[in-house]
Amino acid sequence: MKVIDIIKGEKPSLSFEVFPPKTDDKVESVLEATTEIAKLNPSYMSVTYGAGGGTSKYTTDIAVSLKRLGVTPIAHLSCISSSKADIKTKLTELKGKGIENILALRGDIPEGMNMEHLEYHYASELTQEIRDFGGFCIGGACYPENHPESENSRADIESLKIKVESGCEYLTTQMFFDNNILYNFMYRLYRAGVNVPVVAGIMPVTNAAQIKRICSISQNTLPQRFMRLVDRYGDNPKAMKQAGIAYATEQIIDLYANGLNAVHVYSMNKPDVAEAIQKNLSEIIS
Ligand code: FAD
């Protein structure tokens, strides 16, 4: 099934993201976790793509295993370290294995990369190539608080416009912890004429170490209300987990209540977290 048909449906969608193992010895445990999450019967699941393509073969394997379990998969695909021939091979493989959905990404630019001989510079180039190849529903990434390389939000939204014109059918957001940031972003998209559906990406923060990582890699605003939870419960893992799940649940309910019908949870390969959030929303998404 094409993800665009799921997120355009009447029913609110709740989906989960998983990531492939970074090393070969973790394959079994990651497959177990993704199977547990799949048993929750989410609207769909996405599988990330290792930066630089290192363990990228597992993205396809996990997507195929999800399909066998009856869950619609999205395979992420990044292009910055790839040649056009690599991408063609990958698309042929995905199509051959019955994967219908791709999240088309540029990927982070590896440190010290020689930019002169790159065959891709932006996700929009990959998007166009996938569209020309045919047969896939194509999604893309967006950043309610701007992509770190963007000069300003106007430039960022102009880039999104190009991505959509290249064939991107919907956008999934980077995590955010204050829904007003998303509502403001949606308004700016609307003003710029970017009219594709937006899927809200929600990260349940269940331990204090995650916060440090988030702060070091993204430009997220962390609201006072959120920081109070971390201050109070950061040293108590069980309490922090409960508070993080409650915070994410509250964010999701507010999003649905305001008409945003598609939510994607960065479940970080944690079936217990995915299950707790889904249970909290059982009547809302039924
Ligand atoms: P782009 O859309 O190409 O944007 C990158 C930058 O270039 C932005 O600043 C943009 O404004 C600018 N830009 C874009 N087009 C143009 C243009 N035509 N002219 C001028 N400027 C332009 N990374 C992974 O490695 N694997 C994953 O699986 C993965 N999954 C992700 C999922 C989501 C939902 C999100 C939000 C991010 C994900 N990332 C992943 C991270 C992503 O690869 C990085 O954030 C990367 O730096 C940008 O990728 P992009 O596809 O958004 O790039």
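Me: A residue counts as near a molecule if one of its heavy atoms lies within 4 Å of it. How many residues surround the ligand in this predicted model?
Reply: The model is predicted. The closest residues to the ligand are Y49, D108, A123, Y143 and K163. The full number of residues that surround the ligand is 24.

Me: What classes of residue make up the shell around the ligand?
Reply: Five residues of the shell are charged and nine are polar. The remaining class is nonpolar, with 10 residues.

Me: Which residue has a polar backbone atom 2.8 Å from a nitrogen atom of the ligand?
Reply: A polar contact needs a pair of N or O atoms within 3.5 Å. Here the ligand atom is a nitrogen, and the distance is 2.8 Å. The backbone atom belongs to Y49.

Me: Which side chains place a polar atom 2.9 Å from an oxygen atom of the ligand?
Reply: One is a polar side-chain atom of S150, 2.9 Å from a ligand oxygen. Another is an N or O atom in a second side chain, also at 2.9 Å from a ligand oxygen. That side chain belongs to S159.

Me: What share of the ligand's exposed area does the protein bury?
Reply: Start with the ligand taken alone. It exposes 980 Å². The protein buries part of that area, namely 84%.

Me: Which element gives the largest share of the shell around the ligand?
Reply: The elements that give two or more residues are β4 (101-105), α6 (153-165) and β6 (170-173). The largest share is four residues. They come from α6.

Me: Which residue lies over the face of Y120?
Reply: A charge sits over a ring if it is within 6 Å of the ring centre and within 35 degrees of the ring normal. Here the distance to the ring centre of Y120 is 5.1 Å. The residue is K84.

Me: Which residues do ring pairs link into a cluster?
Reply: The structure holds three aromatic pairs. Ring pairs link a cluster of F177, F226 and Y247.

Me: What radius of gyration does the protein have?
Reply: The protein has 286 residues, so a compact globule would have a radius near 19 Å. The protein's own value agrees with that: 18 Å.

Conventions. Residues are numbered from 1 along each chain as its sequence is written. This is a predicted model: local features need pLDDT of at least 70, side-chain atom pairs count only at pLDDT 80 or more; totals for chains, interfaces and linings use all residues. Side-chain values use heavy atoms; hydrogens and water are left out. A polar contact is a pair of N or O atoms within 3.5 Å; within protein, one must be able to donate a hydrogen and the other to accept it, and residues adjacent in sequence count only if both atoms are side-chain atoms. Accessible areas come from the Shrake-Rupley method with a 1.4 Å probe; for residues, only the protein chains shown count as cover. Ala, Val, Leu, Ile, Met, Phe, Trp, Tyr, Cys and Pro count as nonpolar, Asp, Glu, Lys and Arg as charged, and the others, Gly among them, as polar. Rings of Phe, Tyr and Trp (its six-membered ring) pair if their centres lie within 6.5 Å; planes under 30 degrees apart count as stacked, over 60 as edge-to-face and the rest as tilted. The radius of gyration is taken over C-alpha atoms; the globule rule is 2.2 Å times the number of residues to the power 0.38.
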